[in-house]
Amino acid sequence: MKLAIMGAMPEEIEPLLEFFGEYETVNYANNKYYVVNYKGNEIVIAYSKIGKVNSTITASTMIQKFACEKLLFSGVAGAVCDSLKVGDLVVATKLAQHDLDISAFGHPYGFVPEGAVYEEADVKLIDIAKDVAKEKSINLKDGIIVTGDQFVCDIERKNWIAKTFEASALEMEGASVAVTCNALNVPFFILRAISDAADMDASFSFDEFLKTSAKISADFVLTMVDKIIDAENK
Ligand code: ADE
């Protein structure tokens, strides 16, 4: 099997590279792709750089150039709902672009013609994550994750996003990866650990917790890899 694991920032994939230890580095399209051989499977790891455009390029490359058959995203997010605290893990059931706006033409926020407001994540991968969480007694939450090309550090914007999309968390890549994977028929899974509350303190909290939260997310994804491979070989 060929599996893609991506993040947006170096900190989000460093724990993965450390875990696997040995990898081949492929330079392509202004980015680096780290190819690991793991138990007879190929795992392609990359960080995309921040934002919807960069993450689209990376997800598309992993699928179209490296032929990855499933894609896992690991990283950090800002909490939208009050029950999510720094370090908590949230898996996306579905994703939307909160900054996609042609409401001037009467369309709902996040919608463009021939698209959909929400992109659904793969249910089988979410079930595997829930099994792992249960086995390891990890409190894994699920919910809607929304994406935009902006670091949200404003309570009014956050409240608008919460109300408009019923979102649990927000970040800057998930929904674009989701659109890419669904267009190319590749099952995907988006996991985030909370780094901040998308409020006026968000940039300080993000700087303080980026590394620790990124590792919480990466460690969880690593525990899923064997299960995904086993399910594939059944
Ligand atoms: N990723 C982590 N925290 C974020 C925030 N507050 N806004 C956008 N992306 C984020």
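1. Helix 3 and helix 6 are oblique to each other, a description that follows from their geometry, because an angle counts as oblique when it falls outside the ranges for roughly parallel, roughly antiparallel and roughly perpendicular. In this predicted model, the axes of helix 3 (residues 123–135) and helix 6 (residues 202–233) come within 9 Å and cross at roughly 120 degrees, and the crossing of these two helices is right-handed.

2. As to the residues that make this contact, helix 3 contributes L125, I128, A129, D131, V132, A133 and E135, while helix 6 contributes F220, T223, M224, K227, I228 and A231. Sorted by class, the contact of helix 3 with helix 6 comprises 9 nonpolar, 1 polar and 3 charged residues.

3. A second helix pair can be described in the same terms. Helix 2 (residues 52–64) packs with helix 5 (residues 174–183) at an angle of about 35 degrees, and their axes are 8 Å apart. The crossing of helix 2 and helix 5 is right-handed. On the side of helix 2 the contact involves K52, S55, T56, A59, S60 and I63, which meet S176, V177, T180 and C181 of helix 5; by class, this contact has 4 nonpolar, 5 polar and 1 charged residues.

4. S60 deserves a separate remark, since it belongs to helix 2 and is among the residues that meet helix 5. Its relative accessible area is 19%, so S60 counts as buried, given that the cut-off for burial is under 20%. If residues up to four places away in sequence are left aside, S60 touches K65 and T180, and T180 is one of the helix 5 residues in the contact with helix 2. For K49, by contrast, the separation from S60 is 11 residues in sequence and 14 Å in space, taken from C-alpha to C-alpha.

5. Turning to the strands, how many of the 8 residues of strand 8 are buried? The count is 6 of the 8 in strand 8 (residues 140–147), which is why this strand is largely enclosed by the rest of the structure. Strand 8 pairs with strand 6 (residues 89–97) in the parallel sense, over 8 bridges, and within this pairing V90 stands opposite K141 of strand 8. Strand 8 is also joined to strand 9 (residues 167–171) by 4 bridges, and these two strands run parallel; here V146 has L170 of strand 9 as its bridge partner.

6. Two loop residues merit a check of their backbone angles, given that most residues other than glycine have a negative phi. N30, which lies in the loop between strand 2 (24–28) and strand 3 (31–38), has a phi near 70 degrees, a positive value in a residue other than glycine. N30 is exposed, its relative accessible area being 71%.

7. The other such residue is K39, whose place is in the loop between strand 3 and strand 4 (41–47). K39 is not a glycine, yet its phi is positive, at about 50 degrees. Is K39 buried or exposed? With a relative accessibility of 60%, K39 counts as exposed, because the cut-off for exposure is over 50%.

Technical notes:
Residues are numbered from 1 along each chain as its sequence is written. This is a predicted model: local features need pLDDT of at least 70, side-chain atom pairs count only at pLDDT 80 or more; totals for chains, interfaces and linings use all residues. Side-chain values use heavy atoms; hydrogens and water are left out. Axes are lines fitted to C-alpha atoms, for helices over the stretch in contact, and angles run from 0 to 180 degrees between N-to-C directions. Angles under 35 degrees count as roughly parallel, over 145 as roughly antiparallel, 65 to 115 as roughly perpendicular and the rest as oblique. A crossing is left-handed if the near helix is turned anticlockwise from the far one by less than a right angle, and right-handed if clockwise. Contact means heavy atoms within 4.5 Å. Ala, Val, Leu, Ile, Met, Phe, Trp, Tyr, Cys and Pro count as nonpolar, Asp, Glu, Lys and Arg as charged, and the others, Gly among them, as polar. Buried means under 20% relative accessible area, exposed over 50%, partly exposed in between (1.4 Å probe, protein chains only). Two strands pair if DSSP finds at least two bridges between them.
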